[in-house]
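I opened this notebook to record what I looked up in the structure, entry by entry.

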Amino acid sequence: MSELKTVEIATDGACKGNPGPGGWGALIRYGETEKHISGGEPETTNNRMELRAAIEALNALKRPCRVKLSIDSTYVKDGITKWIFAWQKNGWRTAAKKPVKNADLWQDLLKAVDRHEIEWVWVKGHSGDADNDRADQLASDAALAISMS
């Protein structure tokens, strides 16, 4: 089996109102090659856009990779690295027996994560991290485009 390629990804989500028109963006880098992807939804939440950014970025990879994924959402990072195991065990219910919010996207993220080796890295948003700032701009532009359509 060949060595996994190492890919860096920075993702972000944005919402104009919460809920409201939202966008997601991702910067994907392999060596010197960069790809930008983004999209949006007319009625969504910031958390859904944060999840969608990670899902779409991972699904954009054509083969299994070693991924360093930078994200400014503790909701997504903690959800996928800590909480999701209990949610699955409890039939997608929280410890308080309530349905997990955004369970559809958490399940999509689990599928996207499955084929890769991922290092989840939290970065503080709006703090000068160049890749996070670019992902934020992609997400904000997508949210604005959706709100104008």
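Before anything else I fixed the vocabulary: helices (H or I, at least four residues) and strands (E, at least two) are DSSP runs, numbered from the N terminus. The model is predicted, so I note that local features need pLDDT of at least 70, that side-chain atom pairs count only at pLDDT 80 or more, and that totals for chains, interfaces and linings use all residues. Residues are numbered from 1 along each chain as its sequence is written, and side-chain values use heavy atoms, with hydrogens and water left out.

Entry on the largest pocket. I took a pocket to be, on a 1 Å grid over the protein atoms alone, an open set of points where a 1.4 Å probe fits, with protein on both sides within 12 Å along at least five of seven lines, and lining residues to be those with an atom within 4 Å of a point. The largest pocket holds about 280 Å³ of space, a volume being the space filled by probe spheres set on the points, which are joined across faces, edges and corners. I found that strand 1 (5–15), strand 2 (20–30) and strand 3 (33–44) each supply at least two residues of its lining, and that strand 2 gives the most, with three. The lining includes K5, V7, R29, K62 and C65. By class, its residues divide into six nonpolar, one polar and five charged, where Ala, Val, Leu, Ile, Met, Phe, Trp, Tyr, Cys and Pro count as nonpolar, Asp, Glu, Lys and Arg as charged, and the others, Gly among them, as polar.

Entry on the cysteines. C65 counts as buried at 4% relative accessibility, and C15 is buried as well, with a relative accessible area of 18%; buried means under 20% relative accessible area, exposed over 50% and partly exposed in between (1.4 Å probe, protein chains only). Taking a disulfide as a pair of cysteine sulfur atoms within 2.5 Å, I arrived at a count of zero.

Entry on T44 and the loop beside it. T44 is in strand 3 and is buried at 3% relative accessibility. Not counting residues up to four places away in sequence, T44 touches C15, N18, P19, G20, P21, G22 and M49, contact meaning heavy atoms within 4.5 Å. P19 sits in the loop between strand 1 and strand 2, and a cis peptide bond with omega of about 15° joins N18 and P19.

Entry on the helices. Ten of the 14 residues of helix 1 are buried, so this helix is largely enclosed by the rest of the structure. Helix 3 (residues 103–114) has A103, L105, W106, L109, A112 and V113 as its buried residues, and these pack against helix 1 (46–59), helix 2 (74–89) and strand 5 (117–122). D108 also belongs to helix 3 but is partly exposed, at 29% relative accessibility. Neighbours within four places in sequence aside, D108 is in contact with R52 and I55.

Entry on backbone angles. I looked for positive phi values in residues other than glycine, and noted N102, near 65°, and H126, near 55°. N102 lies in the loop between helix 2 and helix 3 and is buried at 16% relative accessibility, whereas H126, in the loop between strand 5 and helix 4 (130–148), is exposed at 65%. Most residues other than glycine have a negative phi, and most peptide bonds are trans.
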